[in-house]
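Work through the exercises below with the sequence and the model open. Try each task before you read its solution.

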Amino acid sequence: MPPQPQPPQPPTAGSKVVLTLTVNGEAAEVAFEPHKTLLEVLREDLALTGTKHGCELGECGACAVLVDGKPVLSCLMLALECGGASVTTVEGLARGAQLDPLQDAFADLGAAQCGYCTPGILVTARALLDQHPAPTRPQIEEALAGNLCRCTGYLSIYQAVEQAARKAR
Amino acid sequence: MRAPSFRWHAATSLADAARALAAGGPRALLLGGGTDVVPAIKRRQYVPELLISLRQVAELGRLEPHGASLRIGAGVRLGALAADDRLGVGHTALRRAAGVVASPHIRNVATLGGNLCLDTRCNYYNQSLEWRRAVDYCMKAPAGVALAAPAGGTCWVAPGSPRCWAVSQTDCAPALIALGASVTLVSAEGQRTLPLADLYRDDGMTWLTRRPDELLAWVDVPAAARSTYWKLRRRGSFDFPVLGVAAAVELAGDVVTAARVVLGAVASHPVVVPTESLLGRPLGDDAIAAFAELATRLAKPLDNTDYQLGWRKRVTRAYVVGALRELRGDDPALLGVLARRQAALIPA
Amino acid sequence: MNIIGKPRRRVDGRAKVTGQTRFADDLTLPRMLWCRLLRSHLPHARVDGVDTAAAAAARGVKLVLTGADFPIPYGILPVSQDEHALAQERVRFVGDPVAAVIATSEEAAQAAVQLLAPRYTPLTTISDAHDALATPAPQLHTYAEVGNLHKRVGFEFGDVDASFASAPHVFDDSFFYQGNTHLPIEQHATLAAVDGDGKLTVWSSTQTPHYLHRALAKALAMPAAHIRVIATPNGGGFGGKSDPFHHEIVVAGAALRTGRPVKICLSREEVFYCHRGRHPVDMRLRTATDACGKILAMDLETLLDGGAYGSYGVASTFYTGALQTVTYEIPRYRFRGARAFTNKPPCGPKRGHGTPQPRFAQEVQLDKIAVALGRNPADLRLEQLCKPNSLTANYMRVGTIGLGRCIDAVVEGSRFRERWGKLPRGRGLGIACSSYLCGAGLPIYWNKLPHSGVQLKLDRSGGVTAFCGATEIGQGSDDVLAGLVAEVLGIDPFDIRVVTGDTDLGPVDLGSYSSRVTLMMGNAALEAAGRARELIASAVAAELQLPVARLGFAERRVFDLEEPTRGLSFADAVIAAETRHGTLGTVGSYRPPDSAARYKGGGVGPSPAYSYSAAVIEVEVCPDTGWLDVTQVWIGHDIGRSLNPASVRGQVEGSVYMGLGEALMEESAFRRLPPKRSDALVHKFPSLLEYKSPTTREMPPCTTYLIEDPDPQGPLGAKEVGQGPLLPIMPAVANAVFDAVGVRVDEVPITPEKIVRALEEAARGRPARVGPTGFPDVGWPEPLRVAPPWEGGDGKAANETPRRPRPDKDAKDKQVPR
Ligand SMILES: Cc1cc2nc3c(=O)[nH]c(=O)nc-3n(C[C@H](O)[C@H](O)[C@H](O)COP(=O)(O)OP(=O)(O)OC[C@H]3O[C@@H](n4cnc5c(N)ncnc54)[C@H](O)[C@@H]3O)c2cc1C
Ligand code: FES
Ligand code: FES
């Protein structure tokens, strides 16, 4: 059975762990407190604030990043679990100044309104296109079923994914 | 929302994990994919002293034929499982169940072992420490971290009751039980194998028969000629089941020779419905209706998940009927809007 | 037009897809401290004190604050200054902030919050509006009008009872609309810092930096000129970030006290406690019609469950009655509304502010009228639309109305006439319409100042910077600003640098609420850009020796319209203008026209223009389980003119989405524990998992028709689109459910449980509906009586005690909305 609640230990300051991982193609060595999630390490210790959060409990998808090519929720993943992993965030989508076709399509079609769900959706869509270069509507719906967007009603997002897929071909 | 601090051990082998678990004592917690553990520790439902990560335990990641069964390691991720070619038609119920857990992102991380050991849930319990304080806590998590634990505590679902009524909401357990799976538990002392149904107890507080020093290593899953899993939830993603109906039947001609039907999310454990009444005859409308009546009587939903309990009971009947009709070969299009929704939920 | 009317990339689009947009929680500053709040765990209690010693001594803790540190009340409306940054003598809901810890890390602050020991004496829990009516004491607020009723309002336009007495048909229905919340995906966050010169800067995810600015000045007793508020782009707002919030004032106060930057980011659960969402509303709607269903008179009563504080509640109450008249002709109208205080997070403005609830009642009742009288519901509506350029019974001035065309579009698209009432059992179509404001006619506090200002700076580089206080909350206001200025000056929107949401840098704009920004900021932008264009044109005209009227501005050139190759580049034109006029800067501002409604309370509802929408929705319902799937939506929206169709379409689809969430599943539900065992009243599930926001799996295909009927009040004819298209969705779903299975769910949300219950009622031979069966006795006071325009009225109430105008006093503490 899971351990029952006990009085909390105040965070043990200073006792950081050091981890190496690849972030957006670059090797990164980062020191952080062991209780931190990948989300917190990306945003706070690596200054990659492009990845967002809407719940920190796995319930919205705003924090999605790619770990070894697969979309996962960075708020549920302890950073300690990511040693040696390759992480892709929204900052890693563009090739230099050249936006990913998904980014262009999202900007052009208004698929980002407030833009807060956008980073999580973009990386998720990237993983989809890597696997299915010409996805069907149901495939897009399924791939993005773990990303809540409160602004768009998703329809422009589907169109943007489809447009990016077409352009890439 | 931040996790509390803890000690960390990344197990390197099954034996290492078992050793660490035995040494860790009551405040050690296994970490599979962490998709249930991490939110729970953030909400201070548990405050573990030691987390034992199973990520690097290669033995747990295996998926291979084992005799007539499929042996699936506890560390296999649900997304990969649902997409794995080695799961044939004989494992439809499992493929469907694994494919509708939570959301695609979560399935990329969530493990089968974690799913089978999933804590029971209740919307008085799956709340932050602050929220739980507002109801003066409950039986399942009696103390706030800043307070001394009062003895007992109330189950707010049924305040007069001496027990906790938290609900078993794992999707895969009913499916695997319907397929006749067995599970192997490993500890530093050795290992034991038991029918999966026997892993569960009808108790919201102590929902598993697993000893604290045991870890779930693998399940052996026989194939069934026809099986299915119907999940009820408000949204087609994210949501836990508020009802799961798993069914497997063997037919000789059109006569039922074996049948297993399991209900999820209607009690503190997966509920196995006795299927004698189905055996030895065809799956006729009357037989199905009578059986659905029986199953509905066994479903005991309470007011601690989404949806009103009376309605969940009503849908139990509709789902059992629908699942059995699907298994006897009815065209899903004739099963109505709910079934179509089910069909739509099957990943391509 | 070169830019306006063509779908194009928003000016902030690139930043949003690269992760470069800096939301409030993305900001950090050197030496920054973190704040966490202790919130009440009791729904209603007297605060006897907070023991802070242990927390103050905890590791990393720099400061602990309690109510004593923030004695000055504030609130969004001048009439409801009932909030404090931290609780004073009373807590009024689970989640009410009580104390704050500021520490070197969020972890340390959170750990120390656990060490705070508040002492409370519990008070009676009041769980909903009915409970509030039955429990006048203890009062949540002594300023309440009576008992725990915050406010009661009432108007009568013409002799409604006389119309009812002689009408061929009277329809009398009761409805309940459950509360729900905005649920922006961004959790509220605020960072405050003391600048080098000792002034305060506050970055916050707020929709209303100007009102936050005022609240900070008041609550911190500090000159407003020493405070700078920067509204960071909001990760969604929908009305949920338009109040000044506790945490904003607390971190500002903490920064002033510690001299260090202080940040807070709320947890999702805390966002539910900020709330200010949709009020739960009980309604009784009586309508008298002629033999064909034409409305003769309408009588509406509403009872709002306001939660624990005022917020925008007085305005919300007025809004449950004010806009019933601007869609269909209603010759006589009576409205009475009341708002109750209860021990729950305060309700306020959510997309559609106060109007979705009565809209639901009206549109569902119209459907019932159509069925009862054997009419097609689309025709019944088309026959009695308000006339363009008319005054309504309650003196709202209606401009253009594209609603007829909206109805035609969705009726044709869905083949409503051919299919309504004729689909097989289990499938159905429903229609509903709506209208909404393009900005409120009055500001929130009494003044005659502009509602929006735009300032342009042009310099010899050819660069144009547009400054405005308006706030980008995702709706695309930065792009509207750049698009309009670019259109007038003949340059590209991306040539313009937009500086918005900053109270130091831009002129005041009242904020992103009540769908006011496009119209008001847009008009101000056109004025400023027009003035800049004049300056440039006069200089270029002199240089080219041409009359000004012959100059065109397009494609980054200023040229001779008759000989287009003759001209200057835009940059050279600006140089010419700067040479001739000196440093270039222009301003524009906007204030809405005065209202025709001159009765007290007539300040809520008037708007420069009204947008219109119509929707048809198709559903499939399982007659056995009540399961409800929305399979297709057709929506027409009268946008006046669409400035950037990509954005407009997005707003329509987003509104449809949010409307479907409300219609089907979203619910601010609370749990009252058994009163014998506990006083607890908790939000049932303050989480993104259990508060059900539709996923990709729930969003049906949606066909959008943009109807353009330019309104002279709007910038280039544009009207609003952010809120209106949400309104017809909920009633259209309810009407479609009736078409599918013949039962009425007179409640929102429309869940399978309710459909099953209604089917069961029908099977037992009882009325085939679920919903309230009556309306409580509120004890209405005498309504204000105002004769409608066609009965010789002049917009004033006959029985109103005249009020001497006292501008200074009014500005301080009298209510506007009046
Ligand atoms: C938003 C959200 C929605 C969800 N929806 C669903 C849903 O629809 N259906 C569903 O079934 N689940 C759902 N879940 C819960 C969870 O994601 C899944 O059950 C998942 O499969 C758990 O696996 P895990 O590996 O992440 O488990 P973990 O979180 O790692 O562990 C869960 C429990 O199992 C124990 N455990 C893990 N591995 C072992 C092992 N090998 N031996 C013994 N004990 C072990 C852990 O100690 C812990 O007590 C949801 C979770 C979230 C956050
Ligand atoms: S922040 Fe990770 S899922 Fe919401
Ligand atoms: S664009 Fe705002 S949440 Fe998706």
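**Exercise 1. The ligand site**

Task: Find the polar contacts that ligand 1 makes with the backbone of Gly32(B), Phe238(B) and Asp239(B), then describe the shell around the ligand.

Solution. This is a predicted model, so every distance here is computed from predicted coordinates.

Step 1. Start at Gly32(B). A polar backbone atom of this residue sits 2.7 Å from an oxygen atom of ligand 1.

Step 2. Go to Phe238(B). Here a nitrogen atom of the ligand is 3.3 Å from a polar backbone atom.

Step 3. Look at Asp239(B). Its backbone offers a polar atom 3.0 Å from an oxygen atom of ligand 1. A polar contact needs N or O atoms within 3.5 Å.

Step 4. Check the cover. Ligand 1 taken alone exposes 970 Å², and the protein buries 98% of that.

Step 5. Place the site. Ligand 1 lies between chains A, B and C. The shell has 37 residues, and the closest are Leu30(B), Gly32(B), Gly33(B), Thr35(B) and Thr111(B).

Step 6. Sort the shell by class. There are 20 nonpolar, eleven polar and six charged residues. In chain B, strand E2 (28–31), helix H6 (112–116) and strand E8 (215–222) each supply at least two of the shell residues.

**Exercise 2. Where chain B meets chain A**

Task: Describe the contact between chain B and chain A by residues, area and charge pairs.

Solution.

Step 1. Count the residues. Chain B brings 48 residues into contact with 43 residues of chain A.

Step 2. Take the area. The two chains bury about 3,800 Å² between them, and 60% of it is on carbon and sulfur atoms. On the chain B side, Arg2(B), His105(B) and Phe238(B) lose the most area to chain A. Together these three account for 18% of what that side buries. Phe238(B) also appeared in Exercise 1, through its backbone contact with ligand 1.

Step 3. Look for polar links. There are 13 residue pairs in polar contact, both at pLDDT 80 or more. Four salt bridges are counted between chain B and chain A. Glu59(A) forms a salt bridge with Arg43(B), with the closest N and O atoms 3.4 Å apart.

Step 4. Assign the elements of chain B. E2, helix H2 (37–42), strand E3 (50–53) and helix H5 (104–107) each supply at least two residues of the side that touches chain A. H5(B) gives the most, with four residues.

Step 5. Sort by class. This side of chain B has 26 nonpolar, eleven polar and eleven charged residues.

**Exercise 3. Where chain A meets chain C**

Task: Repeat the analysis for chain A and chain C, and find which helix gives the most to the chain A side.

Solution.

Step 1. Count the residues. Here 48 residues of chain A are in contact with 54 residues of chain C.

Step 2. Take the area. About 4,100 Å² is buried, and carbon and sulfur atoms give 54% of it.

Step 3. Look for polar links. The count is seven salt bridges. Arg150(A) and Glu666(C) meet through their side chains in a salt bridge, 2.7 Å from N to O. Polar contacts join 29 residue pairs, both at pLDDT 80 or more.

Step 4. Assign the elements. Helices H1 (38–45), H2 (101–109), H3 (118–131), H4 (137–143) and H5 (155–168) of chain A each give two or more residues to the side that touches chain C. H2(A) gives the most, with five.

Step 5. Sort by class. The chain A side divides into 23 nonpolar, twelve polar and 13 charged residues.

**Exercise 4. A salt bridge within chain B**

Task: What does the pair Lys231(B) and Asp171(B) tie together?

Solution.

Step 1. Get the total. The whole structure holds 97 salt bridges over all chains.

Step 2. Take the pair. Lys231(B) forms a salt bridge with Asp171(B), and the closest N and O atoms are 2.8 Å apart.

Step 3. Place both ends. Lys231(B) lies in strand E9 (residues 226–232), and Asp171(B) lies in the loop between helix H7 (129–134) and helix H8 (172–178), so the pair ties together parts of chain B that are 60 residues apart in sequence.

**Exercise 5. Backbone exceptions**

Task: Where do Pro138(C), Pro749(C) and Ala102(B) lie, and what marks the backbone at each?

Solution.

Step 1. Recall the background. Most residues other than glycine have a negative phi, and most peptide bonds are trans.

Step 2. Take Pro138(C). The peptide bond from Ala137(C) to Pro138(C) is cis, with omega near -5 degrees. Pro138(C) is in the loop between helix H4 (129–134) and strand E7 (149–157) of chain C.

Step 3. Take Pro749(C). The bond from Val748(C) to Pro749(C) is cis, with omega near 0 degrees. Pro749(C) lies in the loop between strand E32 (747–748) and helix H19 (752–763) of chain C.

Step 4. Take Ala102(B). This residue is not a glycine, yet has a positive phi of about 50 degrees. Ala102(B) is in the loop between helix H4 (92–99) and H5 of chain B.

Technical notes:
Residues are numbered from 1 along each chain as its sequence is written. Chains are lettered from A and ligands numbered from 1 in the order in which they are written. This is a predicted model: local features need pLDDT of at least 70, side-chain atom pairs count only at pLDDT 80 or more; totals for chains, interfaces and linings use all residues. Side-chain values use heavy atoms; hydrogens and water are left out. A residue is near a molecule or strand if one of its heavy atoms lies within 4 Å of it. A polar contact is a pair of N or O atoms within 3.5 Å; within protein, one must be able to donate a hydrogen and the other to accept it, and residues adjacent in sequence count only if both atoms are side-chain atoms. Accessible areas come from the Shrake-Rupley method with a 1.4 Å probe; for residues, only the protein chains shown count as cover. Ala, Val, Leu, Ile, Met, Phe, Trp, Tyr, Cys and Pro count as nonpolar, Asp, Glu, Lys and Arg as charged, and the others, Gly among them, as polar. Contact means heavy atoms within 4.5 Å. Buried area is the accessible area (1.4 Å probe) that two parts lose on being put together, summed over both.
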